[in-house]
Amino acid sequence: LSLNELYIAATQFEPKSDEYNEVFETAVRMYPDDPVSNLNAANVAISKGLYKDAKRYLLKSGASAEAEYAWGLYYIGVQSYDEAEVKLGNAKELGIKEADDMLKQCAELKAFYSENE
């Protein structure tokens, strides 16, 4: 299957379902150097809490607003809040609307963990 055909197949499944995730995991195995495949696989890995895998995919995800946002989510997941704020700030500046809410959540987590150290 082509990469486009795999993306079309993914639309047939509920987002974040096992089948949906499997399509993106298959895409990155078949097209390991494609930035979009890597970004999608990173998002799947982040949603599963598989941060080692997510980082490997993110390193090949290219430079885009969506990649900056995914890096922000990754850094939140590994509790690197300063790095998360930078990446989410970049994503916000590049037009990712959800980044503003994630910046607020990141600030709350950062404050919580700094108070409880």
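# Exercises on a predicted helical chain

In this chain, the mean positions of the 12 positive and 21 negative charges lie 3 Å apart. The model is a predicted one.

**Exercise 1.** Describe the secondary structure of the chain and decide how its compactness compares with that of a globular protein of the same length.

*Solution.*
1. Count the elements: there are 7 helices and 0 strands.
2. Read along the sequence, they give the pattern α-α-α-α-α-α-α.
3. The radius of gyration is 15 Å, close to the 13 Å that the globule rule gives for 117 residues, so the chain is as compact as a globular protein of that length.
4. For the outer dimensions, the C-alpha atoms fill a box of roughly 50 × 25 × 25 Å along the principal axes.

**Exercise 2.** Find the largest nonpolar core and state which helices build it.

*Solution.*
1. The general background is that nonpolar side chains tend to be buried together in soluble globular proteins.
2. Buried residues make up 38% of the 117 residues here.
3. The largest nonpolar core has 27 residues, and those with the most contacts inside it are Leu58, Tyr69, Tyr74, Ile76 and Leu88.
4. Two or more residues each come from helix H3 (35-47), helix H4 (51-58), helix H5 (65-77), helix H6 (81-93) and helix H7 (98-115).
5. H5 provides the largest share of this core, 9 residues.
6. A second, separate core has 8 residues, including Leu6, Tyr7, Ala27 and Val44.

**Exercise 3.** List the residues that Leu88 touches, leaving out those up to four places away in sequence.

*Solution.*
1. Leu88 is one of the residues with the most contacts inside the largest core.
2. Its partners with lower numbers are Tyr69, Gly72 and Ile76.
3. Its partners with higher numbers are Ala99, Met102, Leu103 and Cys106.

**Exercise 4.** Lys16 and Gln79 each have a positive phi. Locate both residues and classify each as buried, partly exposed or exposed.

*Solution.*
1. Most residues other than glycine have a negative phi.
2. Lys16 is not a glycine, yet has a phi of about 75°.
3. Lys16 lies in the loop between helix H1 (3-10) and helix H2 (18-30).
4. The relative accessible area of Lys16 is 64%. Exposed means over 50%, so Lys16 is exposed.
5. Gln79, also not a glycine, has a phi of about 60°.
6. The loop between H5 and H6 holds Gln79.
7. Gln79 has a relative accessible area of 46%, so this residue is partly exposed.

Conventions
Residues numbered from 1 in each chain as written. Predicted model: local features only at pLDDT ≥ 70, side-chain atom pairs only at ≥ 80, totals over all residues. Heavy atoms only, no water. Core = buried A, V, L, I, M, F, W, Y, C linked by side-chain atoms within 4.5 Å. Buried < 20%, exposed > 50% of the residue type's maximum accessible area, 1.4 Å probe, protein only. Helix = DSSP H or I, 4+ residues; strand = E, 2+ residues; numbered from the N terminus. Contact = heavy atoms within 4.5 Å. Rg over C-alpha atoms; globule rule 2.2 N^0.38 Å. Lys, Arg positive; Asp, Glu negative; His and termini not counted. Charge placed at Lys NZ, Arg CZ, Asp CG, Glu CD.
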